[in-house]
Amino acid sequence: MKEYFRYFRWVFAATVVLAVCYGGIGLFHAMQAAPERTNKECLTEQRVFDYGDVLSEREEKKLDGLIAKRERQTGCDIVLVTLNKSLMEYARKKEPNVPYSEFVRVFAEDFYDSNGFGYNKPIGDGILLVDNWYREDDGRVYTWLCTVGRAEDEYTYERIDHLLDDVYRYVEDDPYRAYRTYINDFYNDMTGRGANTIYLPQWFPLAAATFSMICFVALHWKSKKGKKTVVPSTYVNGSPQMYKREDVFVNKIVTRRHIPKSSGGSSGSGGSGGGGGSSHSHGGHHGGGGRSR
C-alpha cells in the first residue's frame with residue numbers, strides 16, 4: 001500500500017490542491033453577499049408585470065421567487081415587463097423623432113423611473129427587460145434591456161448582446177424559459193459566473209484528477225514493467241557452449257507487383273451563415289440595448 005501511495009503521490013497532491021482551490025472559489029462567491037436593500041421609496045414590491053399575458057400565474061410566481069433570490073445576491077433590482085400593444089403614440093409624444101426600434105426604450109426608461117426602482121436608491125442599481133409582443137407598423141417586434149447604476153457599469157454592449165441572444169433563443173416557443181434565462185444570465189454576469197469569466201464547474205476537480213491519473217499510468221506503464229533477470233548463464237555451471245547455425249540460401253527470387261492507385265474524387269459543400277444585430281442607445285442616466293424579431 002505504501003508503494004502505491006508513493007507512486008501516485010503527485011496525483012493525490014494535485015487532487016487536494018484542485019479541491020482546495022475549488023472550495024476557495026465557492027467560499028469567495030458565498031462571502032460576496034449583497035448589502036441590504038436601502039431603497040425605501042420604490043412604489044411597488046412587484047417585479048413581474050405580465051401586461052402581455054404571455055405567462056401563467058404559476059410561472060409569474062416562480063419568476064417572482066427567483067427574482068427575489070437574485071436581487072439579494074446581486075444587489076440590484078430585477079424587473080420584467082411584457083406588453084402587447086403599440087408604443088408609437090406613447091414614445092413619440094415624449095421623443096417626436098424616436099425610431100421604431102426605440103419605442104420600447106422610451107417606455108422602459110419611464111417605467112423604471114416612475115416606479116422608483118433601484119436596489120440602493122430610487123432610479124438606482126437595477127435592470128429591466130421590456131418584451132413587447134406587438135408587431136409595430138414596420139413589421140417588427142421589439143425588446144429592450146434597460147440598465148441603471150452598477151448594472152450599467154457592468155454591462156458592455158457584448159454582454160447585452162449575449163443576454164438578449166439567450167432570451168431570443170427561447171422566447172417564441174417558451175417565454176417562461178426565456179425570462180428565467182434573463183434573470184439567471186444577469187445574476188451570472190454580476191457575480192462573475194458569466195460567459196466572460198472563467199470559473200470551475202462542479203465536476204472539474206474529479207475530471208482533472210481522473211485525467212491526471214490516466215496520464216500518469218500511460219507515461220509510467222513501460223518503466224514499471226518487470227525487468228528481465230534471467231540470462232542464459234544463470235542456471236549453467238561453467239561457461240555455456242554456443243552452437244552456431246546458419247541457413248544458406250542457394251537462390252533468391254524477388255517478385256514485384258504493381259498496384260495501381262485508385263482514382264476518385266471528393267466533393268465538398270459550403271454554406272453561409274448570417275447574424276442579426278442589435279441597436280444600442282443611452283438615454284439620460286440609463287444604459288441598455290435592444291433587439292427585434
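**A walk through helices, a loop and salt bridges**

Let us start at a small landmark: Gly192 comes after helix α8, and its phi angle is positive, near 80°. Keep in mind as you look around that this is a predicted model.

Now step back into helix α8 itself, which covers residues 175–190. Its 16 residues should span 22 Å at 1.5 Å a residue, and the end C-alpha atoms are 23 Å apart, so the two values agree. How much of α8 is buried? The count is 13 of the 16 residues, which means that the helix is largely enclosed by the rest of the structure.

Helix α7 can be checked in the same spirit. This helix runs through residues 157–170 and has 14 residues. From its first C-alpha to its last it reaches 21 Å, close to the 20 Å expected at 1.5 Å a residue. Several of its residues are buried, including Arg159, Ile160, Leu163 and Leu164. Further along α7, Asp166, Val167, Tyr168 and Tyr170 are buried too.

The loop between α7 and α8 holds Glu172, so let us pause there. The side chain of Glu172 meets that of Arg293 in a salt bridge, with 2.7 Å from N to O. Because Glu172 sits in that loop and Arg293 in the segment after β6, the pair ties together parts that are 121 residues apart in sequence. Is Glu172 buried or partly exposed? Its relative accessible area is 47%, so Glu172 counts as partly exposed. Arg293, in contrast, has a relative accessible area of 13% and is therefore buried, since the cut-off for buried is under 20%.

Arg293 has another partner, Asp131, and in this salt bridge the closest N and O atoms are 3.0 Å apart. Asp131 lies in strand β3, so its pairing with Arg293 in the segment after β6 (286–292) joins parts that are 162 residues apart in sequence. Asp131 is buried, with a relative accessible area of 0%. Why do such pairs form at all? Side chains of opposite charge can pair when their charged atoms come close.

Just past β3, the loop between β3 (126–132) and β4 (142–148) contains Trp133. At 21% relative accessibility, Trp133 counts as partly exposed, because the buried class ends at 20%. The C-alpha atoms of Trp133 and Val54 are separated by 9.0 Å, although these residues are 79 residues apart along the chain.

Across the whole structure, a search finds 14 salt bridges. One more worth finding is between Arg47 and Asp77, whose closest N and O atoms are 3.7 Å apart. Arg47 belongs to the loop between α2 (9–31) and β1 (48–50), and Asp77 to strand β2 (residues 77–83), so this pair links parts that are 30 residues apart in sequence. Both Arg47 and Asp77 are buried. They also take part in a network of salt bridges, where they are linked with Arg37 and Glu71.

Our last stop is on the surface. Which residues form the positive patch there? Arg58, Lys62, Lys69, Arg72 and Arg180 make up this patch. Helix α3 (residues 57–74) gives the most to the patch, with four residues. Lys62 is found in that helix, α3. With a relative accessible area of 37%, Lys62 is partly exposed.

How values were computed. Residues are numbered from 1 along each chain as its sequence is written. This is a predicted model: local features need pLDDT of at least 70, side-chain atom pairs count only at pLDDT 80 or more; totals for chains, interfaces and linings use all residues. Side-chain values use heavy atoms; hydrogens and water are left out. Helices (H or I, at least four residues) and strands (E, at least two) are DSSP runs, numbered from the N terminus. The expected span of a helix is 1.5 Å times one less than its number of residues. Buried means under 20% relative accessible area, exposed over 50%, partly exposed in between (1.4 Å probe, protein chains only). Patches are made of residues with over 30% relative accessible area and no salt bridge: like charges are joined within 9 Å, nonpolar side chains (Val, Leu, Ile, Met, Phe, Trp, Tyr) within 5 Å. Accessible areas come from the Shrake-Rupley method with a 1.4 Å probe; for residues, only the protein chains shown count as cover. A salt bridge is a side-chain nitrogen of Lys or Arg within 4 Å of a carboxyl oxygen of Asp or Glu. Lys and Arg count as positive and Asp and Glu as negative; His and the chain ends are not counted. The place of a charge is taken as NZ of Lys, CZ of Arg, CG of Asp or CD of Glu.
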